[in-house]
Amino acid sequence: MFIGICDDDKRWLQTSQKMLMEFANIIHVDIEIRCFSTAEELLEYKDIPLDAVFLDIELGRTLGINVAKKLNETRPSCRIVYMTNYLHYATEIYNTEHIWFVVKKHFRDKIGEIINRILRELENKNSRLVLKTMKNELISIVLSDICYLEKEKRGTRIVTVWD
């Protein structure tokens, strides 16, 4: 499972990453985590598709809700988990597709429920295609992320919503 964490608080970024890795080890799930300290970094990310993003609602001058709207458009299969210190955003998030809203001080207590929800959605909703790239790397692509296929010499180019 590939997870992104986007938060402008570097201490929280490290803390949440550590908690996620500890929980993954407990339940024996392989996860890879990419950390982003700005909305721009996350939105410009073009590497392995993220299965879920843990997204801070207040990202400096950027509102995480607006970032989530862009992610909903460009990466519809990416699950969004909002993290915040402020409850007053709870009603605003319903303008986006997301799977969880958690107050940071309760993150450790809710992490099991959140990860289980992500895993259930991955199992139930996304048919995946596992491919070997020209660099001999294995990647997993959600079928709904594929825009079109293009034959190129002895290979096939797959164009997705993320690149």
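The lining of the second largest cavity consists, by class, of eight nonpolar residues, with no polar and no charged ones. In this predicted model, the residues concerned are Met1, Leu20, Phe23, Ala24, Ile27, Val29, Ile31 and Ile115. Helix α1, spanning residues 10-27, provides the largest share of that lining, namely four residues. The volume of the second largest cavity is about 30 Å³.

Two cavities of 30 Å³ or more are counted. The largest cavity has a volume of about 60 Å³, and its lining comprises twelve residues. Nearest to the centre of the largest cavity lie Pro49, Asp51, Ser77, Arg128 and Val142. Strand β9 accounts for the largest share of this lining, with three residues.

The largest pocket holds about 860 Å³ of space. It is lined by 24 residues, and those closest to its centre are Thr133, Met134, Ile139, Thr156 and Ile158. Three strands, β8 (128-132), β9 (138-142) and β11 (155-160), each contribute at least two residues to the lining of the largest pocket. Of these contributions, that of β11 is the largest share, at six residues.

The table sets out volume and lining class for each space.

| Space | Volume | Nonpolar | Polar | Charged |
|---|---|---|---|---|
| Largest pocket | about 860 Å³ | ten residues | four residues | ten residues |
| Largest cavity | about 60 Å³ | five residues | three residues | four residues |
| Second largest cavity | about 30 Å³ | eight residues | no residues | no residues |

Key. Residues numbered from 1 in each chain as written. Predicted model: local features only at pLDDT ≥ 70, side-chain atom pairs only at ≥ 80, totals over all residues. Heavy atoms only, no water. 1 Å grid on protein atoms, 1.4 Å probe; cavity = no way out; pocket = protein on both sides within 12 Å on 5 of 7 lines; lining within 4 Å. Points joined across faces, edges and corners; volume = space filled by probe spheres on them. Nonpolar A, V, L, I, M, F, W, Y, C, P; charged D, E, K, R; others polar.
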